[in-house]
Amino acid sequence: MNVALATPHPRYVYFSFFSERLNREMTIDEDQQYHRSIEITTWLWSVQHSQARPLFYFSRCTDVVSVTPWLAPIVWEGTFDAVLIDNIYKPMNLTVATTVFAVGKYVRFLQDFLETAEKHFMVGFHVRYYVFTDRPHDVPSVNLSQGRHLSVIQVPGSNRWQEISARRMEIIQTTIERQIRGEADYIFCLDVDSKFHAHWGSESLGRLVAVIHPGYYEQTRDRFPYERRPASTAYIPMDEGDYYYGGAMIGGFVEDVYTLAKVCRTRFEEDAGNSIEAAWQEESHLNRYLLDNKPSKVLSPEYLWQDIKAKTKEVKVIRFSGVIKNYADVRPNV
């Protein structure tokens with residue numbers, strides 16, 4: 001059976017969005033963020049159980065799997081009521097943080113990313129973009145809608161794209177600590193060399209959100225490019241694994257993504273101390289983390305397509321897609 005293509009048992013399920021409190025001492029900022037997440041999840045729980053209709057429908061798509069083995073929704077076109085979900089989330093006055101890395105020549109993709117995000121991404125919500133770049137003067141001026149803001153954060157450049165990738169989790173972690181924690185409820189960490197093409201709204205919000213990689217949703221797990229060397233902290237054995245998640249999208253409550261980034265950074269540094277670089281850098285560590293810490297919501301490849309890939313019959317809508325590019329031109333090394 002293909003991992004993401006099958007006929008699910010017709011049903012629908014209501015979900016609890018509650019996250020468990022971390023078993024450790026919290027700082028004041030962490031504690032405030034935690035109680036904010038409890039406030040959000042309590043409201044969602046009460047509202048969704050008062051609805052006459054479910055938020056996600058698992059019987060509408062018969063050619064794809066729309067629920068995980070641990071009963072998290074897999075979000076495809078036709079499995080959710082966008083109007084109903086937006087009507088639940090919008091009164092909560094939420095702020096969604098969005099991080100992108102525009103380092104080196106990748107800054108050229110920023111304008112299309114921002115302009116298409118303004119058309120399609122979390123429209124009607126407060127959004128704060130955090131742009132990490134070594135070229136702050138090259139950040140384009142883009143007209144943002146009311147309630148949407150952009151912060152430019154300068155970071156070092158590098159002669160190796162692998163090093164840029166390696167620092168991503170560290171920078172996300174430290175920026176959450178210093179700034180994002182006090183400014184947003186949810187966060188999405190996205191790749192800048194991408195464009196939005198259609199609605200991406202509150203159906204994507206959850207405690208911890210991952211996306212199925214478009215290159216592997218038709219494959220069985222023995223074909224997934226997990227890190228297979230036992231010496232690496234990202235190691236996943238051949239007989240384990242749920243899905244292959246794309247590293248170009250990580251999302252969820254700010255504190256849950258903070259924990260993910262911190263753990264992945266620690267494991268990355270442990271590997272580096274042992275002269276190991278995981279097969280796909282932070283994406284390998286992300287997949288290891290999500291195997292142990294199941295996402296509460298999984299986005300279908302509609303939310304991370306590739307322009308180089310032909311559209312398939314299962315993908316009814318392409319919402320977000322990586323653009324075609326010459327890697328030799330935009331990367332400092334190949």
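This tour moves through a predicted model, from its two sheets to its cysteines and one of its helices.

**First stop: the eight-stranded sheet**

Select strands β1, β9, β7, β8, β5, β2, β3 and β4, which in that order make up an open sheet of 8 strands with mixed pairing. Its margins are β1, at residues 74-75, and β4, at residues 148-154; each of these edge strands pairs on one side only.

Next, restrict the selection to the end of the sheet that holds β4. Strand β3, residues 126-133, pairs with β4 in the parallel sense, and 7 bridges join the two. A useful pair to label here is Y129 and L150, since labelling the two residues shows Y129 opposite L150 of β4. In general, the strands of a sheet pair through backbone hydrogen bonds, either parallel or antiparallel.

Now add residues 254-273, which form helix α5. This helix lies across three strands of the sheet: β5 (186-190), β7 (208-211) and β8 (249-253). Relative to β8, helix α5 runs at about 130°.

**Second stop: the three-stranded sheet**

Hide the previous selection and display β6, β11 and β10. These 3 strands form an open sheet in the order β6-β11-β10, again with mixed pairing. The edge strands are β6, residues 194-196, and β10, residues 305-306, and each has a pairing partner on one side only.

Within this sheet, β6 pairs with β11 (residues 320-322) in the antiparallel sense over 3 bridges. Label S194 and G322: S194 stands opposite G322 in β11. Then show residues 110-120, helix α3, which lies across β6 and β11 and runs at about 20° to β6.

**Third stop: the cysteines**

How many disulfides does a search of the whole structure find? The search returns 0. Select C189 and C264 in turn. C189 has a relative accessibility of 0% and therefore counts as buried, the cut-off being under 20%. C264, at 1% relative accessibility, also counts as buried.

**Last stop: helix α6**

Finally, select residues 281-292, helix α6. From its first C-alpha to its last, this 12-residue helix reaches 18 Å, close to the 16 Å expected at 1.5 Å a residue.

Is helix α6 mostly covered or mostly uncovered? Helix α6 is mostly covered, with 11 of its 12 residues buried. Colouring by accessibility will pick out these buried residues, among them the charged-letter positions E282, E283 and R288, together with H285, L286, Y289, L290 and L291.

Notes
Residues numbered from 1 in each chain as written. Predicted model: local features only at pLDDT ≥ 70, side-chain atom pairs only at ≥ 80, totals over all residues. Heavy atoms only, no water. Pairing = 2+ DSSP bridges. Helix = DSSP H or I, 4+ residues; strand = E, 2+ residues; numbered from the N terminus. Contact = heavy atoms within 4.5 Å. Axes fitted to C-alpha atoms, helices over the stretch in contact; angles between N-to-C directions. Disulfide = S-S within 2.5 Å. Buried < 20%, exposed > 50% of the residue type's maximum accessible area, 1.4 Å probe, protein only. Expected span 1.5 Å × (residues − 1).
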